[in-house]
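Student: I've got a structure to look at and no idea where to start. Could you walk me through it?
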2 protein chains.
Amino acid sequence: MATKIHGDELPQVLVLGSPWVLPSLESQFSHRFHFLKPSNSQFPLLQFLSSYAQSVQALLIPGGSFALTSAILDCLPSLKLAVTTSVGVDHLDLPELRRRGIAVAYAGNLYSEDVADMAVGLLIDVLRKVSAADRFLRQGLWPTNREFPLGLKLSGKRIGIVGLGKIGCEVAKRLEGFGCKMSYNSRTKKPLVPYSYHSTVHELAAECEALIVCCGLTEETRHMIDREVMVALGKDGVIINVGRGAIIDEKELIECLLQGEIGGAGLDVFENEPEIPEELFGVDNVVLSPHVAVITHESMKGLCKLVVDNLEAFFSNKPLVSPFMDGG
Amino acid sequence: MATKIHGDELPQVLVLGSPWVLPSLESQFSHRFHFLKPSNSQFPLLQFLSSYAQSVQALLIPGGSFALTSAILDCLPSLKLAVTTSVGVDHLDLPELRRRGIAVAYAGNLYSEDVADMAVGLLIDVLRKVSAADRFLRQGLWPTNREFPLGLKLSGKRIGIVGLGKIGCEVAKRLEGFGCKMSYNSRTKKPLVPYSYHSTVHELAAECEALIVCCGLTEETRHMIDREVMVALGKDGVIINVGRGAIIDEKELIECLLQGEIGGAGLDVFENEPEIPEELFGVDNVVLSPHVAVITHESMKGLCKLVVDNLEAFFSNKPLVSPFMDGG
């Protein structure tokens with residue numbers, strides 16, 4: 001529960017990392033919150049926190065590479081809320097936060113449509129070689145070389161969805177319009193879903209022509225897409241990843257792409273963002289995207305509202321708008 | 001009607017231009033047809049035809065830039081069938097062919113799904129900046145510049161379909177899965193279609209956030225997408241063209257793209273293929289594709305079969321499998 005604010009002192013919100021939404025938040029809500037930014041300070045992070053963040057009750061943290069470690073939490077004795085701008089919470093140590101009584105708000109379903117749109121876009125791009133063709137034309141090669149390599153048809157393909165949560169369902173809904181046949185793998189079989197269930201990703205890959213990775217990163221899903229799964233998918237098979245980089249064994253993926261053991265990949269996420277293995281830069285059967293599946297003008301506007309609504313709720317002692325529930 | 005073939009002499013099929021499907025046809029059907037290729041000869045085309053093609057009854061011609069002129073037809077006194085590998089027939093002089101009693105077979109609905117897939121792929125690519133992001137990453141810019149420009153959301157957008165034939169309907173079916181709201185323009189209002197009809201493209205553009213050009217090229221549709229239509233579409237508006245290049249006034253399109261008067265464009269077709277205006281090469285809000293919306297491994301296999309089925313039907317005096325009917 002938040003402590004009441006004295007007089008006209010603004011509630012402090014500690015900002016860790018560089019959330020995309022910060023500029024919008026600052027331009028619209030600087031009259032409501034004081035955004036405390038260690039990244040603007042010359043002090044090392046932990047020293048800054050020990051000096052200036054002892055009374056901070058709420059923090060904002062982007063998804064991805066910035067991890068909310070115990071060392072950071074030790075410097076924040078008053079912390080009661082962590083708001084993350086992502087759907088994935090693998091950068092948060094949930095048991096530790098629970099132990100310390102720190103609540104978590106996250107992006108919930110805010111991005112599901114945008115991520116699903118991007119997954120389909122990447123799938124078409126890889127199958128139909130859209131980015132590769134654009135590169136070919138911009139190099140001025142068309143007049144002298146009319147035979148750009150053939151693409152593969154999307155309509156009617158057998159698609160395997162890895163993780164049939166909200167995003168996976170939105171992907172499936174879109175691909176139904178293309179006459180695709182969906183199957184899926186997830187922790188449990190969903191009783192109301194008309195798609196066929198496979199209890200292992202390997203079995204799913206063997207049955208499908210493309211895999212779309214939509215699940216979260218956990219100890220169980222880390223490197224779940226391994227060499228064996230890729231080989232089962234086959235030489236024309238395509239992998240799309242809009243989940244987290246480490247769900248795929250990236251080294252093996254690169255090998256399989258370079259050796260033609262799979263057909264192609266569309267990757268919005270990578271194991272060591274923003275570093276991308278350079279071997280991928282010269283390869284035509286891969287489409288690379290800078291972890292922007294969630295990011296559109298529309299989603300940033302929605303996220304801005306969601307972050308503020310959660311902070312307002314917290315500082316007014318009301319229930320969070322999008323609390324993260326464990327196992328949820 | 002085809003003349004009977006004597007003995008084991010193979011029926012001749014004159015091949016004009018370079019149809020994509022020719023290598024497959026030759027590798028699989030050289031025992032059924034003799035493919036006569038002026039492009040392999042050192043003679044100029046008309047001289048070749050006058051010398052070697054007097055008895056030719058059937059020809060194969062790709063869509064697009066190679067025009068079947070009266071001068072060519074004058075050299076082919078026995079011609080009774082023109083098979084084109086395209087859906088568009090703007091390269092054929094239909095009244096002249098009719099006057100000469102030459103039947104036309106075309107690709108019919110063979111490509112509709114592939115073209116619709118590509119239209120949606122280009123739309124997502126432009127809105128979500130997929131090719132631009134891929135370029136950004138391959139240039140190694142991500143580690144030093146984390147803020148790739150925001151894209152626009154596709155789901156829920158108001159989409160205007162220009163030409164609601166078979167391809168336009170397939171596009172609409174796919175975009176329904178994204179929760180888009182469709183309107184359309186075509187020669188006549190379709191009684192059974194649930195989308196709202198606009199009698200002019202200008203009115204359609206004013207109501208929509210993206211236009212998808214799926215119609216054929218005729219005297220009425222040439223430069224139908226002019227500056228006024230683009231301005232009506234607006235600064236965030238996107239144009240996708242999978243029809244024919246000349247349906248859009250390309251000079252005005254370039255101006256509008258460079259000046260930011262429209263948001264972006266995804267172009268599979270151009271006015272003077274394979275030449276592309278070089279101004280487009282440096283622009284990030286356009287995706288360029290080398291007239292491959294129809295071309296996949298699957299469609300080439302289907303086309304090979306369709307061409308052969310039409311030729312077999314013709315040489316057996318049976319009805320064509322995919323005759324082009326005027327106004328069809």
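Tutor: Let's take a few features one by one.

Tutor: Keep in mind that this is a predicted model.

Student: Okay, let's begin with where the chains touch. How many residues does each of chain A and chain B bring to the contact?

Tutor: Chain B puts in 59 residues, and chain A puts in 59 residues too. Together they bury about 5,300 Å², and carbon and sulfur atoms supply 61% of that. On the chain B side, the residues losing the most area to chain A are B:R128, B:R138 and B:W142, which together account for 15% of what that side buries.

Student: And what sort of residues make up the side of chain B that touches chain A? Which elements do they come from?

Tutor: Start with the polar side of things: 30 residue pairs between chain B and chain A are in polar contact, with both residues at pLDDT 80 or more. Elements of chain B that give two or more residues to this side are α5 (112-128), α6 (130-138), α7 (166-176), β12 (286-288) and α11 (297-315). Of these, α5(B) gives the most, with 10 residues. Sorted by class, that side of chain B has 31 nonpolar, 11 polar and 17 charged residues.

Student: How do I read a salt bridge?

Tutor: Here's the general idea: side chains of opposite charge can pair when their charged atoms come close. In this model, 8 salt bridges run between chain B and chain A. One of them links A:K157 to B:E298, where the closest N and O atoms are 3.3 Å apart. Over all chains, the structure holds 43 salt bridges.

Student: What about a salt bridge inside one chain, say the one between A:E170 and A:K166: how far is it from N to O?

Tutor: That one comes out at 3.2 Å.

Student: Why are A:E170 and A:K166 separated by about one helical turn?

Tutor: Because they sit 4 residues apart in helix α7 (residues 166-176) of chain A, and that spacing puts about one helical turn between them.

Student: Next up, sheets. What should I look for?

Tutor: Strands of a sheet pair through backbone hydrogen bonds, either parallel or antiparallel. Chain B has an open sheet of 7 strands, with parallel pairing, in the order β8-β7-β6-β9-β10-β11-β12. At the edges are β8 (196-197) and β12 of chain B, each pairing on one side only.

Student: Can we zoom in on one pair? How many bridges join β7 and β8 of chain B?

Tutor: Strand β7 (residues 181-185) of chain B pairs with β8(B) over 2 bridges, in the parallel sense. If you want a spot to click on, find B:S183: its bridge partner in β8(B) is B:S196.

Student: Are there any backbone details to check? Where is the cis peptide bond in chain A?

Tutor: Look from A:E273 to A:P274: that bond is cis, with omega near 0°. A:P274 lies in the loop between β11 (264-267) and β12 (286-288) of chain A. In chain B, a cis peptide bond joins B:E273 and B:P274, with omega about 0°. You'll find B:P274 in the loop between β11 (264-267) and β12 of chain B.

Tutor: Then try B:K129, a residue other than glycine whose phi is positive, near 60°. B:K129 is in the loop between α5 and α6 of chain B.

Student: Last one: what does UniProt place at residues 120-293 of chain A?

Tutor: The unreviewed UniProt entry puts "domain: D-isomer specific 2-hydroxyacid dehydrogenase NAD-binding" there. In the model, that span is 30% helix and 16% strand, and its end C-alpha atoms lie 11 Å apart.

Conventions. Residues numbered from 1 in each chain as written. Chains lettered and ligands numbered in written order. Predicted model: local features only at pLDDT ≥ 70, side-chain atom pairs only at ≥ 80, totals over all residues. Heavy atoms only, no water. Contact = heavy atoms within 4.5 Å. Buried area = accessible area lost by both parts, 1.4 Å probe. Salt bridge = Lys/Arg side-chain N within 4 Å of Asp/Glu carboxyl O. Polar contact = N/O pair within 3.5 Å; in protein donor to acceptor, adjacent residues only side chain to side chain. Nonpolar A, V, L, I, M, F, W, Y, C, P; charged D, E, K, R; others polar. Pairing = 2+ DSSP bridges. UniProt positions renumbered as here; feature names shortened; annotations may be inferred.
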